[in-house]
Number of protein chains: 2
Amino acid sequence: MSKKQETKARILDAAQVLFAERGFAETSLRAITTRANVNLASVNYHFGSKKSLIQAVFDRFLADFTKELSRELRLMDASSEPVTIELVLEGLIEPLITINKQQANGISIFMRLLGRAYAETQGHLRRYVTERYGHVLEQFTAQLQKAYPSLDMSQVFWRLHFMLGSLIFTLAGSEALREISESDFGQKVSIEELIHQIIPFLAAGMRAEA
Amino acid sequence: MSKKQETKARILDAAQVLFAERGFAETSLRAITTRANVNLASVNYHFGSKKSLIQAVFDRFLADFTKELSRELRLMDASSEPVTIELVLEGLIEPLITINKQQANGISIFMRLLGRAYAETQGHLRRYVTERYGHVLEQFTAQLQKAYPSLDMSQVFWRLHFMLGSLIFTLAGSEALREISESDFGQKVSIEELIHQIIPFLAAGMRAEA
DNA sequence: ACTTGTTTAAAACATACGTTTCAAGCGATG
DNA sequence: CATCGCTTGAAACGTATGTTTTAAACAAGT
């Protein structure tokens with residue numbers, strides 16, 4: 001049996017934050033191990049390589065997130081209440097709120113990581129994520145279509161990505177944006193308030209006439 | 001007087017594409033100079049440093065774009081026709097179409113660069129861009145508010161960024177998304193078609209009830 | 001044609017990085 | 001207590017990177 005999973009977790013914690021803040025290439029293993037207070041070699045010992053560490057960070061994050069999202073979607077499916085776009089979006093938001101409760105700025109970190117994975121054209125990361133967690137996205141798409149059956153699948157696909165763009169982009173930069181908002185308009189907006197401002201925007205966009 | 005601006009332009013051309021494709025840290029000066037068929041040292045000779053080269057790439061791109069966008073906005077302001085959200089968005093799209101005509105996949109390259117600049121929290125790049133070209137964004141915001149006067153400034157600010165998220169995210173990944181769309185739904189969507197699908201989505205989102 | 005300022009070429013430099021190595025440390029098992 | 005597998009520590013290795021250097025090539029002015 002393994003003695004210390006603590007080192008592994010410490011590395012993941014540090015890597016997660018630094019990757020989100022600076023990016024993958026810009027974050028050295030030395031920066032990670034220094035922050036985690038572990039030895040440099042322990043990364044290669046526990047994860048094999050830097051690339052595998054990056055995947056492990058995504059796995060830990062996405063495993064939790066997709067599990068909870070999938071649960072929300074199944075509950076929605078079983079419920080007798082009619083599915084609306086707002087409900088589907090709430091089901092997506094709920095796991096994010098959970099993340100934010102478990103970790104300070106968790107949403108921002110999560111979204112920054114997602115954005116970076118998305119930006120990787122060449123890298124295997126994007127393929128890895130879509131292959132491993134693509135089924136939840138399909139599940140989500142299915143609910144979306146159920147909420148808006150008159151929209152054909154191709155348009156659901158595109159509008160889904162319009163929504164993801166808004167969400168990932170805004171929440172990834174939410175800290176900076178909230179600071180600007182505060183200095184310009186004098187009122188600090190919480191992440192949860194912000195999210196509940198996005199939902200009507202997205203829902204209205206989904207319902208737009210083609 | 002300078003003799004050869006050609007080397008400088010060749011470097012910018014190569015750097016622009018590679019930065020958009022792979023990112024800044026992932027693109028070496030050697031990769032750039034090889035692609036541009038120039039000597040390695042010429043980057044430091046003409047631009048001083050890699051960081052300055054990155055800024056120069058943004059400058060060339062944003063100078064053209066903001067100039068044309070600013071012109072569109074001024075025309076709109078002078079026109080007697082009432083300003084609508086759709087019109088403002090068209091004014092934003094128009095310079096993008098121009099870019100795409102001047103350069104293959106120009107929109108995607110431009111948006112990928114913008115996305116990367118946005119993702120840089122620590123780097124000076126984001127601050128550099130916002131300080132140098134922020135006035136055009138303010139101009140754009142002003143028109144948006146004129147098109148929708150009942151929305152208070154703080155909400156205009158947020159919804160503007162919701163829209164930017166959709167645009168940058170979708171258009172940055174448009175090549176991959178259009179391939180998925182083609183294989184899943186059998187129809188290839190052109191960039192221009194795609195853009196004209198986004199506009200009603202964004203406009204409806206802007207008009208959403210709070 | 002010679003000089004001068006600018007640009008290119010090739011090589012070298014210093015450094016930061018991911019990875020590997022190997023010895024020491026540790027914890028449980030017999 | 002001795003032994004064995006797992007984990008940590010410190011150092012070194014090889015390599016790729018941004019930058020600098022120095023000389024050659026070049027264009028233009030007188």
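Trainee: How do H1(A) and H2(A) lie to each other?
Mentor: H1(A) and H2(A) are oblique to each other, where angles under 35 degrees count as roughly parallel, over 145 as roughly antiparallel, 65 to 115 as roughly perpendicular and the rest as oblique. The axes of helix H1 (residues 6-22) of chain A and H2(A) cross at roughly 130° and come within 8 Å, the axes being lines fitted to C-alpha atoms, for helices over the stretch in contact, with angles from 0 to 180 degrees between N-to-C directions. Helices here are DSSP runs (H or I, at least four residues), as strands are (E, at least two), numbered from the N terminus.

Trainee: Before we go on, what kind of model is this?
Mentor: This is a predicted model, in which local features need pLDDT of at least 70 and side-chain atom pairs count only at pLDDT 80 or more, while totals for chains, interfaces and linings use all residues. Residues are numbered from 1 along each chain as its sequence is written, chains are lettered from A and ligands numbered from 1 in the order in which they are written, and side-chain values use heavy atoms, with hydrogens and water left out.

Trainee: Back to that pair: is the crossing of H1(A) and H2(A) left-handed or right-handed?
Mentor: H1(A) and H2(A) make a right-handed crossing, and the rule is that a crossing is left-handed if the near helix is turned anticlockwise from the far one by less than a right angle, and right-handed if clockwise. In contact (heavy atoms within 4.5 Å) are Arg10(A), Ile11(A), Ala14(A), Ala15(A), Val17(A), Leu18(A), Phe19(A) and Arg22(A) of H1(A) with Ala31(A), Ile32(A), Arg35(A) and Ala36(A) of H2(A). The residues of this contact divide into nine nonpolar, three charged and no polar, where Ala, Val, Leu, Ile, Met, Phe, Trp, Tyr, Cys and Pro count as nonpolar, Asp, Glu, Lys and Arg as charged, and the others, Gly among them, as polar.

Trainee: And across the chains, at what angle do H8 of chain A and H9 of chain B pack?
Mentor: Helix H8 (residues 153-172) of chain A packs at about 160° to helix H9 (residues 174-185) of chain B, the axes being 10 Å apart; the two helices are therefore roughly antiparallel, and H8(A) passes H9(B) in a right-handed crossing. From H8(A) the contact includes Phe157(A) and Trp158(A), and from H9(B) it includes Ile180(B) and Phe185(B). The residues of that contact are six nonpolar, three polar and one charged.

Trainee: New topic, the DNA: which residues are closest to strand D?
Mentor: Thr7(A), Tyr45(A), His46(A), Leu29(B) and Lys50(B) are the closest of the 19 residues that surround DNA strand D, a residue being near a strand if one of its heavy atoms lies within 4 Å of it. Sugar and phosphate make up 45% of the strand D atoms that come within 4 Å of the protein.

Trainee: Which atoms of strand D do His46(A) and Arg30(B) reach?
Mentor: His46(A) has a polar side-chain atom 2.7 Å from a phosphate oxygen of DNA strand D, whereas Arg30(B) has a polar side-chain atom 2.9 Å from a base nitrogen of that strand. Leu29(B) uses a polar backbone atom, 2.8 Å from a phosphate oxygen.

Trainee: What elements give residues to that surface?
Mentor: Helix H3 (41-47) of chain A, with helix H2 (29-36) and helix H3 (41-47) of chain B, are the elements that give two or more residues; H3(A) gives the most, three residues. By class the surface near strand D has five nonpolar, eight polar and six charged residues.

Trainee: And strand C, which residues come nearest there?
Mentor: Around DNA strand C there are 18 residues, of which Leu29(A), Arg30(A), Lys50(A), Thr7(B) and His46(B) come nearest. A polar backbone atom of Leu29(A) is 2.8 Å from a phosphate oxygen of strand C, and an N or O atom in the side chain of His46(B) is likewise 2.8 Å from a phosphate oxygen. Sugar or phosphate accounts for 47% of the strand C atoms within 4 Å of the protein, and bases for the rest. H3(B) gives the most to the surface near strand C, with three residues, and by class that surface has five nonpolar, eight polar and five charged residues.

Definitions and conventions: A polar contact is a pair of N or O atoms within 3.5 Å; within protein, one must be able to donate a hydrogen and the other to accept it, and residues adjacent in sequence count only if both atoms are side-chain atoms.
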